[in-house]
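Thanks for coming. I'd like to go through one model today, so please have a look at it before I start.

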Amino acid sequence: MRSDTGGPALRGAVGRLPADRIASLTIALAAAALIALPLASLMRLAVTGDAELWPHLAAYVLPHAIVQTALLLIGVAAVTALTGIAPAFLVAGFEFPGRKVLEWLLPLPLAIPTYIAAYVYADILDAAGPVQSALRAVFGFRTGADYWFPPVRSLGGAILIIGLVVYPYVYLTARALFKTQSASFAEAAHTMGATLWQTFRYISLPLARPAIAVGLALALLEALNDIGAAEYLGVQTLTLSIFTTWLNRGSLGGAAQIALALLAVVTLLIALERTARRRQSIEGDAQDGTVTRRLPLTGRAGVLAAIACAIPVAFGFVIPGGYLLREAIRRGLIAGIEPSLLTALATTVALAAAATAVVLAVGIAAAIPLRLVPVKAALSLLAVASMGYAVPGTVLALGLLSPLVAGDEILNGLSRWLTGVPLGLVLAGSSAALILAYTARFASISIGVVQAGLAQMPREFDESARLDGAGIGALLRHIHLPLLTPALTGAALLVFVDCLKELPMTLLMRPLNVETLATSIYQFATRGSFEDGALAALLIVLAGIPPVILLMRAPDAREARR
């Protein structure tokens, strides 16, 4: 039986290397500090903030924001469940016209940021947009008072739009489990006369429920992180309340108090996701690892299945992506690229590339030493560091501000003492703050990828190399890093695109007079001319497509190797 903490040779080596234990613990502590420090700062701000503001927030801001946030999450959960589960069940279990293409297209809405989807659908569905203009032309309506049309700038509009671009989280997790559910269960049900609906209702859905819960938790965390869509569509969520309280009211303490309420929601979602994982391990005993054999759907059933899968793709990717391409061409944005856009593009790529490099370095530095020198306390610290992706960007930005300002005060004090000249805001007022914020939020991706890759790597590799006299450096260069390269490449692409798309932290922490693609789109939207930012939006969408395809290829490649 393989030991979780390494073989005898490795444990012997560990016992001789107390310095390595200290180094592992130190690195893990530094990684955990990326999350722990901003959250501690946030709590201090909330406690020491303006005490007179809290009654106002409690009476007039929080109740409305909590209700709006709860309704948004409930609605997004319903939309993502509807548009994610049914297509996952169909493409995993049945053959129908267009299945192979739709299976690959269904995750592509992940490449559309929620704020871009909101800007596009607001343009399309507003009174002056093409949909209502066509209705007026066809039916002879003269004004909006002559007919009723659902308002897109509303809570309902936000639920539908956000749900249509985050449903792939549910689709991907549900599809993976539907594809590996025991075929014998479904075949036994069919033999006993069960219909397709009964098989789905009583066998497939209960087995997939834990994976669906994980996907729903990820989708809802994305919805919580959103600022651009909520602000544009007029939904006062908790995240948006933090943003407006900080910038419009100038109250850091008030924003921190709202952020703590938001963290309570995040903690609840994480608890639900952890519960789902525990249930998944229990139900895994009922699976035999056999890939489900797909049943043919012909005639009307096959057409209906294709339509059910095509609808989420059409509304989540084809329409927004097509609209951006059309606007970019129609306005001549591709032919005559503005210098400001090129500057924003270069800034975005440079920031995202720098952050990706730092995030990968943190993941490698924090996770690999713990394979060689397992330290229980360090593993717990890495669990803290892995919470970053669950913390909304607005909350992280707010929590990082005070530590960065404190760091600047120390540096300025040292500079005055040495040279008599202060350095200014070299941390809080520079791109370093933004890269640090990106790292705090996305380091969990690289840490998770490295830990997962190491878990699949036989420990005999390490032990053989150490017995042959290989040091830690040689082990990393010749065994661990080469075997982790495919996973690290995928993680790098994901982090890079997440940094390209990230709006809340970039808005709050970018240096003065610095614009990225995301903030440029936001500026166009706030000026009421989002169409002029169509090319910037299109660039972000195009950059997001390769990582989404990689996400699809990874599990399929593992399935093909079995």
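I'll take a pocket, then a helix on its lining, then a surface patch.

This is a predicted model, where local features need pLDDT of at least 70, side-chain atom pairs count only at pLDDT 80 or more, and totals for chains, interfaces and linings use all residues. Residues are numbered from 1 along each chain as its sequence is written, and side-chain values use heavy atoms, with hydrogens and water left out.

The second largest pocket has a volume of about 300 Å³. A pocket here is an open set of points on a 1 Å grid over the protein atoms alone, where a 1.4 Å probe fits, with protein on both sides within 12 Å along at least five of seven lines; lining residues have an atom within 4 Å of a point. Of its 20 lining residues, Ser 340, Leu 341, Ala 344, Ser 520 and Phe 524 are the closest to the centre. Two or more residues each come from α15 (339–372), α22 (517–526) and α23 (534–561), helices being DSSP runs of H or I with at least four residues. α15 gives the most, 5 residues.

Now α22. In this helix 7 of the 10 residues are buried, so α22 is largely enclosed by the rest of the structure; buried means under 20% relative accessible area with a 1.4 Å probe, protein chains only. Among them are Leu 517, Ser 520 and Tyr 522. Gly 528, which follows α22, has a positive phi near 80 degrees.

Last, the loop between α17 (393–419) and α18 (431–455) holds Val 426. Val 426 is partly exposed, at 32% relative accessible area, where partly exposed runs between the 20% limit and 50%.

Conventions
Grid points are joined across faces, edges and corners, and a volume is the space filled by probe spheres set on the points.
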